[in-house]
Amino acid sequence: MANNIAFQAMGKTYQANATTTSQRITITADSPCNQLLVSSHESQSGGKPVYFVVSSNASVTCTAPTAGNPQYSLVVSPGNQIVYTVPVQFSSNPLYIAFITESTTGEAYFTPGEGLG
């Protein structure tokens, strides 16, 4: 893992159109990596965050946290991007991402790679 360089994409970018029901995408990378650049193109005024869980388990699901009901999930807020280090290295072994939003819809993009965001 090369954390001292600018983010380098190491595979295709995947779009996730989140709703209030957990959905899942499968990501593969062109070469071994364990980071994701996650971007939201939602408007900062009125857009919804996208919550997600990454796993090597194909049956992974995601639940949006609510007051008094915390959940294991990561989040990308509207109009932002962030690089997350995920718990498994992936390439030909797929990474599964389950995602959800709290109301209406939200949109996020996931790009495998390495480096700083």
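F52 is buried, at a relative accessible area of 0%; buried here means under 20% relative accessible area, exposed means over 50%, and partly exposed is in between (1.4 Å probe, protein chains only). Keep in mind that this is a predicted model, where local features need pLDDT of at least 70, side-chain atom pairs count only at pLDDT 80 or more, and totals for chains, interfaces and linings use all residues. Residues are numbered from 1 along each chain as its sequence is written, and side-chain values use heavy atoms, with hydrogens and water left out.

**The aromatic cluster**

The structure has two aromatic pairs. Rings of Phe, Tyr and Trp (its six-membered ring) pair if their centres lie within 6.5 Å; planes under 30 degrees apart count as stacked, over 60 as edge-to-face, and the rest as tilted.

| Pair | Distance between ring centres | Angle between planes | Type |
|---|---|---|---|
| F52 and Y84 | 5.4 Å | 80 degrees | edge-to-face |
| F52 and F110 | 5.1 Å | 80 degrees | edge-to-face |

In the second pair, F52 in strand β5 meets F110 in strand β9, and the two sit 58 residues apart. In the other, F52 is matched with Y84 in strand β7 (residues 81-90), 32 residues apart, with β5 covering residues 50-55. Strands (E, at least two residues) and helices (H or I, at least four) are DSSP runs, numbered from the N terminus.

Is Y84 buried or exposed? Y84 counts as buried, at 15% relative accessibility. F110 is buried, just like F52. Put together, F52, Y84 and F110 make one aromatic cluster.

**Strand β9 and its neighbours**

F110 brings us to β9 (residues 106-114), where nine of nine residues are buried. G106, A108, F110, P112 and E114 point one way, while E107, Y109, T111 and G113 point the other way.

Which strands pair with β9? Pairing takes at least two bridges found by DSSP between two strands. Strand β1 (residues 8-9) runs antiparallel to β9 and is joined to it by two bridges, with A9 opposite G113. Strand β2 (residues 14-18) is also antiparallel to β9, through five bridges, and A18 there faces G106. Strand β4 (residues 33-40) has six bridges to β9, again antiparallel; L36 has P112 as its bridge partner.

**Cysteines**

How many disulfides are there? The count is zero, taking a disulfide as a pair of cysteine sulfur atoms within 2.5 Å. C33 is buried, with a relative accessible area of 0%, and C62 is buried too, at 3%.
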